Amino acid sequence: MSDEESTEYYTLICDDPSHEVVLVDCGAREMDVVLAVRKLTGQSLWHSRDLARQAPVTLLGGLSAYRAQSAVAVLQSAGARAEWRQEPEPGERAAPSP
């Protein structure tokens with residue numbers, strides 16, 4: 001490359017950012033939530049129960065917005081409090097929870 005030529009770099013923003021599903025609170029219907037966690041994660045019943053009892057906990061990551069919203073709907077219909085959020089970019093620190 002000569003001094004007159006320059007290199008240009010572009011950032012593509014067409015990719016859908018990945019999202020994660022967070023179980024905030026198990027709620028009163030623990031067994032229903034455990035079964036929903038098992039359905040979503042594919043984990044054993046024992047592991048799903050442990051995850052549900054560790055709330056708040058991130059259950060799934062790397063999902064599209066649609067799949068994350070669908071997973072939250074399954075958890076909410078089982079009686080849990082859950083939310084989906086965009087995963088932080090690599091090297092980016094997550095904001096502390098209030």
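This report walks through the fold, one buried strand residue, the salt bridges and a nonpolar surface patch of the chain above.

**The overall picture**

Keep in mind that this is a predicted model. The chain has three helices and three strands, and going along the sequence they come in the order β-α-α-β-α-β. There are 98 residues, and 26% of them count as buried. Among contacts with a separation of 6 or more, 69% join residues that sit 24 or more positions apart. As for the outside, the chain exposes about 7200 Å², with carbon and sulfur atoms supplying 50% of that area.

**His19 and its surroundings**

Let's start with strand S1, which covers residues 19-25 and includes His19. Is His19 buried or exposed? Its relative accessible area is 5%, and anything under 20% counts as buried, so His19 is buried.

Which residues does His19 touch, once those up to four places away in sequence are set aside? One run of partners is Leu60, Gly61, Gly62, Leu63, Ser64 and Ala65. Ala68 is on the list too, and so are Trp84, Arg85, Gln86 and Glu87.

One of those partners, Gly62, belongs to strand S2 (residues 57-63). Apart from its neighbours within four places in sequence, Gly62 contacts Ser18, His19 and Glu87. So both His19 and Gly62 have Glu87 among their contacts. Gln86 is 24 residues from Gly62 along the chain, and the C-alpha atoms of the two are 9.1 Å apart.

**Salt bridges**

A search of the whole structure turns up four salt bridges. The table lists some of them, including the N to O distance for each pair.

| Pair | Closest N to O distance |
|---|---|
| Asp32 and Arg29 | 3.0 Å |
| Arg53 and Glu30 | 2.7 Å |
| Glu83 and Arg85 | 2.3 Å |

Take the Arg53 and Glu30 pair, whose closest N and O atoms are 2.7 Å apart. Arg53 lies in helix H2 (residues 45-53) while Glu30 lies in helix H1 (residues 30-41), so this salt bridge ties together parts that are 23 residues apart in sequence. How open are the two ends? Arg53 has a relative accessible area of 54%, which makes it exposed because the cut-off is over 50%. Glu30 has 29% and is partly exposed.

In the Asp32 and Arg29 salt bridge, Asp32 is partly exposed at 36% relative accessible area. Arg29 also counts as partly exposed, at 41%.

The side chains of Glu83 and Arg85 make another salt bridge. Glu83 is partly exposed, with a relative accessible area of 34%, and Arg85 is partly exposed at 33%. You've already met Arg85 above, as one of the residues that His19 touches.

**A nonpolar patch**

Which residues form a nonpolar patch on the surface? They are Met31, Leu35 and Leu45, and together they have about 260 Å² of accessible area. Leu35 is in helix H1, the helix that also holds Glu30. With a relative accessible area of 42%, Leu35 is partly exposed. That value is over 30%, the level a patch residue has to pass, so Leu35 qualifies on that count.

Notes: Residues are numbered from 1 along each chain as its sequence is written. This is a predicted model: local features need pLDDT of at least 70, side-chain atom pairs count only at pLDDT 80 or more; totals for chains, interfaces and linings use all residues. Side-chain values use heavy atoms; hydrogens and water are left out. Helices (H or I, at least four residues) and strands (E, at least two) are DSSP runs, numbered from the N terminus. Buried means under 20% relative accessible area, exposed over 50%, partly exposed in between (1.4 Å probe, protein chains only). Contact means heavy atoms within 4.5 Å. Accessible areas come from the Shrake-Rupley method with a 1.4 Å probe; for residues, only the protein chains shown count as cover. Patches are made of residues with over 30% relative accessible area and no salt bridge: like charges are joined within 9 Å, nonpolar side chains (Val, Leu, Ile, Met, Phe, Trp, Tyr) within 5 Å.
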